[in-house]
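Me: I would like a close look at a single part of this protein, set in the context of the whole. Please take your time over it.

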Amino acid sequence: MSRSIRKLTGLVAATFTPLTAEGEINLSVIGPYIDYLVENQNVKSVFINGTTGEGCSLTVDERKQLAEAWCQHGKDKLEQVIVHVGCMSIKDSQELARHAASIGADGIAVISPSFFKPVNADALRLFIKEVSTFAPDLPMYYYHIPSMTGVAFDAADVLNGIEQLVPSFQGVKYSGTDLRDLGQCVRYSQSHNWSVLFGVDEQLLGALVLGVHGAVGSTYNYLGCIVNKMLAAFDNGNHVQTRALQFGFMEVITFAKNLGFDVSVNKQVMSEVSGLALGPPRLPLLPCPVSKAQVIAQKIKDFSQGNLI
């Protein structure tokens, strides 16, 4: 890689995709969205077009338009814009990777294809390699999310030896709950100075103990300030405060899950908390009743104001 690499650390917001009431992408929201993240949540890196952003429900052209908007409006405001380019078609992933490089993105990530699944880690490494060749100077991250892809072999097996195939490889977004596998990813990444970023928001403390370098998640869109306090408390060795904040976070997520907390609900909650008009989800996801989102949003506001800890 010819460019200097800034290691991806800290909180990264997995962003929602703003849609109009008619279901078309709404680029006019991106600028205010960035301002909200930076000014209200102190979150300065984003992961776009991923699960939270309904990336696999968007067309290639829509994903390009969104990536361009995030890079354009994020210039001099955001620290890193990571563009998820994973698709079922390797050709589409390659085109999105090429496009991300052309617009000044700071990195790209891919999930595993999930219809025709790779039979083993070797096959997935080859997929990642072939995508990376279309953006050889961009950091490449593997997005491990077995609950969505159904690809359940260890992420550590994918990382093992990948530097020989993918010189631009820089780490993994680990959205799984297997702490043994996560620990192996952290251990292997140490000698390569890669980033391991955790993606299960309500279990972040367990991952911090194992040595992850940051976290990518949907709730950091509206709870970034609180989780930043938790990260600071952890770094300062204040385990009592760290646990208190994690327990409060868990209480909020448990409350939301008991009401039903999928991407569409989460998106409406973000609209209620932030005031941004993010619109409905795209089918097959169904819109969330506003009343449900308002109840969850109130719980989040109580937590943010210190009423749960």
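What should the twelve residues of helix H12 (residues 263–274) span at 1.5 Å a residue, and how far apart are its end C-alpha atoms?

Reply: Before turning to the helix, a word on the source: this is a predicted model, in which local features need pLDDT of at least 70 and side-chain atom pairs count only at pLDDT 80 or more, while totals for chains, interfaces and linings use all residues. Residues are numbered from 1 along each chain as its sequence is written, and side-chain values use heavy atoms, with hydrogens and water left out.

The twelve residues of H12 should span 16 Å at 1.5 Å a residue, and the end C-alpha atoms of the helix are 16 Å apart, which agrees. The expected span of a helix is here 1.5 Å times one less than its number of residues. Helices (H or I, at least four residues) and strands (E, at least two) are DSSP runs, numbered from the N terminus.

As for its surroundings, H12 is largely enclosed by the rest of the structure, because ten of its twelve residues are buried. Buried means under 20% relative accessible area, exposed means over 50%, and partly exposed lies in between, with a 1.4 Å probe and protein chains only. The buried residues of H12 include Val 265, Val 269, Met 270 and Val 273, and among them are also Asn 266, Lys 267 and Gln 268. These buried residues pack against three helices, namely H1 (30–41), H10 (220–235) and H13 (290–304), where contact means heavy atoms within 4.5 Å.

One of the residues in H13 is Lys 292, which counts as partly exposed because its relative accessibility is 25%. Leaving aside neighbours within four places in sequence, Lys 292 is in contact with Leu 259, Gly 260 and Val 265, and Val 265 is itself one of the buried residues of H12. Lys 292 and Phe 261 are 31 residues apart in sequence, and their C-alpha atoms are 9.8 Å apart in space.

The chain that follows the helix also has backbone features to inspect. Just after H12, Gly 275 takes a positive phi of about 85 degrees. Further on, a cis peptide bond with an omega of about 15 degrees joins Leu 283 and Pro 284, and Pro 284 lies in the loop between H12 and H13.

Positive phi values are also found elsewhere, in residues that are not glycine. Glu 54, with a phi of about 55 degrees, is found in the loop between strand E2 (45–48) and helix H2 (60–74), and Glu 54 counts as buried because its relative accessibility is 6%. Asp 76, with a phi near 70 degrees, is found in the loop between H2 and strand E3 (80–84), and Asp 76 counts as exposed because its relative accessibility is 75%.

To set H12 in the whole, the protein has 13 helices and eight strands. Its radius of gyration, taken over C-alpha atoms, is 18 Å, close to the 19 Å that the globule rule gives for 309 residues, so the protein is as compact as a globular protein of that length; the rule is 2.2 Å times the number of residues to the power 0.38. The C-alpha trace spans about 50 × 45 × 35 Å along its principal axes, and 54% of the 309 residues count as buried. Among contacts between residues at least 6 apart in sequence, 75% join residues at least 24 apart.
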